[in-house]
Structure formats: structure tokens, C-alpha cells
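Reader: Got a minute for this one? Please put the structure up and walk me through it.

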Amino acid sequence: MPLSAYELRTSIAVADIRRAAAFYEGKLGLPLIQSAPSAHIAEGSRIYGSAGGPALNVYQSSTAGTTAATLAVWYVDDLDAIVDELTASGVEFTRYEQFEHDARGITPRAGGGRIAWFQDPDGNTFALESDV
């Protein structure tokens, strides 16, 4: 069976699961679907929902924040509104020197559309993208 027949979920390592929960639940507004032990830590793993299903597994690990790559992208219809909402909840958007950003931190995306990046407390990078 091809992998395309199965649900795909992104896993994100964090240094402190409680601090991460405050960010993912409080600032991003992601619903907690399930928590479970991980690495001998009670509730050290949390599964968050997006678009009506499980999407993001966040777990405590010593490897947290060790990559500069974008780990997950949300494709949104109204990038300006989402950026404004997240900014109001305390999310700071990342600006990269090689790109021109508007006042919100949004930049044109290669191939068309727009993109904005942000990081969780461990430096894990995420993006929001839209086609307009």
C-alpha cells in the first residue's frame, strides 16, 4: 500500500512540554486531542488538532530546536487576518535579512503568494502561506 493512503502527522521536539503547551494551546489556539507519557514524563507528549483532525505531535526531547528548517506549514485563506490574530496573542513573526517583509512580517513567496514565519519557544520554525 502506498504511503499516500495514510494520514501524515508532524512531530516537533520541545525542551519543556509545559512551556510548549502554553504556546501551542494558548498562543496558537490549537486544540489538544490527546496527551500521553513520553520519555518517562507524564503528559510528555501532546497531539494537537488542525483542520478537524490530528496534525501535530509535540513531545519533550533533548533534541528540541536543533534544526533551522521550517518544520510545518499552515496553508490559509486570509494570511493577514491570521497573522494579526496570532500577533495579538503574542506570537512574534520572524524576519529574514534576504527577504523584504511588510510591517506584519509577511513576504512574497517564491512562485507567487505570500508567506510568514514564526518560531515556538524552542526555536522550531513554522510558516503560514497563502496563494494571495
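**Strand pairing and fold**

Author: Let's start at one bridge: Pro108 stands opposite Arg114 in β8.

Reader: Before we go on, what kind of model is this, and what are the ground rules?

Author: This is a predicted model; local features need pLDDT of at least 70, side-chain atom pairs count only at pLDDT 80 or more, and totals for chains, interfaces and linings use all residues. Residues are numbered from 1 along each chain as its sequence is written, and side-chain values use heavy atoms, with hydrogens and water left out.

Reader: Back to that bridge. In which sense do β7 and β8 pair?

Author: Antiparallel, over two bridges, with β7 at residues 107–108. Strands pair here if DSSP finds at least two bridges between them. The β7–β8 hairpin has five residues between its strands, and Gly111 takes a positive phi near 85° there.

Reader: Which strand pairs with β8 over six bridges?

Author: β9, residues 125–130, in the antiparallel sense. One of the pairs is Gln119 with Thr125 in β9. β8 and β9 also form a hairpin with five residues between them, and Gly123 in that turn has a positive phi of about 90°.

Reader: And where does β6 go?

Author: β6, residues 93–94, pairs with β8, residues 114–119, in the antiparallel sense over two bridges. Thr94 stands opposite Trp117 there.

Reader: Zoom out. How many helices and strands in the protein?

Author: Two helices and nine strands. From the N terminus the order is β-α-β-β-β-β-α-β-β-β-β. Those are DSSP runs numbered from the N terminus: helices are H or I with at least four residues, strands E with at least two.

Reader: Now the N-terminal part. Is the β1–β4 pairing parallel or antiparallel?

Author: Parallel, over five bridges, between β1 at residues 10–14 and β4 at residues 53–60. Thr10 faces Leu56 of β4 across one bridge.

Reader: What about β3 and β4?

Author: They run antiparallel, joined by six bridges, and β3 covers residues 41–50. Ser50 stands opposite Gly53. Their hairpin leaves two residues between the strands, and Ala51 takes a positive phi near 55°.

Reader: Switching to helix α1. Is Ala20 buried or exposed?

Author: Ala20 lies in α1, residues 17–27. It counts as buried because its relative accessibility is 1%. The cut-offs are under 20% for buried, over 50% for exposed and partly exposed in between, with a 1.4 Å probe and protein chains only.

Reader: Which residues does Ala20 touch?

Author: Val14 and Val58, leaving aside residues up to four places away in sequence. Contact means heavy atoms within 4.5 Å.

Reader: How far is Ala20 from Asn124?

Author: They are 104 residues apart in sequence and 11 Å apart in space, C-alpha to C-alpha.

Reader: Overall numbers, then. What is the radius of gyration?

Author: It is 15 Å, which agrees with the value near 14 Å for a compact globule of 132 residues. The radius is taken over C-alpha atoms, and the rule is 2.2 Å times the number of residues to the power 0.38. The C-alpha atoms fill a box of roughly 45 × 40 × 25 Å along the principal axes.

Reader: How much of the protein is buried?

Author: Buried residues make up 37% of the 132.

Reader: And what share of contacts is long-range in sequence?

Author: Of the contacts with a separation of 6 or more, 51% join residues 24 or more positions apart.
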